[in-house]
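I opened my notebook to work through one chain. I wanted to know what sits inside, what pairs with what, and where the charges meet.

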Amino acid sequence: MPDPLMPGPATFRQLMGQFATGVAVVSVETGNGALAAMTINSLVSVSLEPMLVSWSLQNSASQFAAYADAPRFAFSILAEGQQTIARRYAARGSSALSQADFETGTHGLPVIAGALGHVACRRHAVHPAGDHTLILGEVEALALGQGGGRPLVFFGGRFGALGHDA
């Protein structure tokens, strides 16, 4: 049996870092027509009827209002070769935003070009959740990427790739 850990934020973060997740970029058009994008690893499928997904937004995020108030948003599920993009949009603010990373999806929202897939949503609900805000989106459109590929993953505080099948 493993050693018990003392509960606390640092230990919790360390333990949850042992849970591998996918990596996505959530993108929105702000009220003034500008683009905002953020790397996340909290995208979760919630329901099939209706089709709902959720993600967690840190309350201290530099563009909190742009995301929490967005009536529509899109997720781009990143491929293993898109670590540079993941790092770019993990930074605070939008100073590193590159229009070349994006294309407009058939749903009219900006998405990451070359991603494994895209999910377009309209805001369904927003709930306070400690130092984060849980945002639920109702799926309006889905698109699979053209090239297939393998997902970018996040584990132990680092981006990586899935191991190859045996």
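**Entry 1: the largest core**

I began with the nonpolar interior of this predicted model. The largest nonpolar core has 19 residues. I asked which of its members touch the most others. They are V26, M38, W55, L57, Y67, F73 and F75. Next I looked up which elements supply at least two residues of this core. I listed the strands β2 (24-29), β3 (35-40), β5 (51-58), β6 (72-77), β9 (117-129) and β10 (132-144), and I added α2 (64-68). In soluble globular proteins, nonpolar side chains tend to be buried together.

I then picked Y67 and left aside its neighbours within four places in sequence. Y67 is in contact with V26, V28, A36, A37, M38, W55, L57 and I135. Another core lies apart from the largest one. This other core has 13 residues, including V23, Y89, I112 and F159.

**Entry 2: the open sheet**

I traced an open sheet of seven strands. I wrote down its order as β3-β2-β6-β9-β10-β5-β4, and the pairing is antiparallel. Which strands stand at the edges? They are β3 and β4 (44-48). Each has a single partner strand, so one side of each is left without a neighbour in the sheet. I also looked up the turn between neighbouring strands of this sheet. On average it is 35 degrees, with direction ignored.

I zoomed in on one pair. β2 and β6 pair in the antiparallel sense, over four bridges. I found that V25 has S76 in β6 as its bridge partner. Strands of a sheet pair through backbone hydrogen bonds, either parallel or antiparallel.

**Entry 3: A125, buried or exposed?**

I found A125 in strand β9. The relative accessible area of A125 is 17%, so it counts as buried, the limit being under 20%. I skipped residues up to four places away in sequence and looked for what A125 touches. I noted L134, I135 and L136. I also checked A125 against N32, which is 93 residues away along the chain. Their C-alpha atoms are separated by 23 Å.

**Entry 4: H132**

I moved on to H132, which has its place in strand β10. H132 counts as partly exposed because its relative accessibility is 26%, and that class runs between 20% and 50%. Again I did not count residues up to four places away in sequence. H132 touches S56, L57, Q58 and N59. I then checked H132 against A61, 71 residues apart along the chain. The C-alpha atoms of this pair are separated by 9.2 Å.

**Entry 5: salt bridges**

How many salt bridges does the structure hold? I counted three. Side chains of opposite charge can pair when their charged atoms come close.

I took E140 and R72 to start. E140 forms a salt bridge with R72, and the closest N and O atoms are 2.9 Å apart. This pair links distant parts of the chain, with E140 in strand β10 and R72 in strand β6, 68 residues apart. E140 is partly exposed at 41% relative accessible area. R72 is partly exposed too, at 31%.

I went on to D101 and R88. Their side chains meet in a salt bridge at 2.5 Å, N to O. D101 is in the loop between α3 (83-88) and β7 (102-104), while R88 is in helix α3, 13 residues apart. I noted D101 as buried, with a relative accessible area of 11%. R88 counts as partly exposed, at 26%.

Then I looked up E138 and R122. Their side chains meet in a salt bridge at 2.7 Å, N to O. E138 is in strand β10 and R122 is in strand β9, 16 residues apart. R122 counts as partly exposed, at 37% relative accessibility.

**Entry 6: β1, β11 and β12**

I ended with three more strands. Strand β1 (residues 21-22) runs antiparallel to strand β11 (residues 152-155), and two bridges join them. In this pair, T21 has F154 in β11 as its bridge partner. Four bridges join β11 to strand β12 (residues 158-161), also antiparallel. I saw F155 standing opposite R158 in β12.

How many residues lie between β11 and β12 in their hairpin? I found two. G156 is in the turn and has a positive phi of about 60 degrees.

Definitions and conventions. Residues are numbered from 1 along each chain as its sequence is written. This is a predicted model: local features need pLDDT of at least 70, side-chain atom pairs count only at pLDDT 80 or more; totals for chains, interfaces and linings use all residues. Side-chain values use heavy atoms; hydrogens and water are left out. A nonpolar core is a set of buried Ala, Val, Leu, Ile, Met, Phe, Trp, Tyr and Cys residues joined through side-chain atoms within 4.5 Å. Buried means under 20% relative accessible area, exposed over 50%, partly exposed in between (1.4 Å probe, protein chains only). Contact means heavy atoms within 4.5 Å. A salt bridge is a side-chain nitrogen of Lys or Arg within 4 Å of a carboxyl oxygen of Asp or Glu. Two strands pair if DSSP finds at least two bridges between them. Axes are lines fitted to C-alpha atoms, for helices over the stretch in contact, and angles run from 0 to 180 degrees between N-to-C directions.
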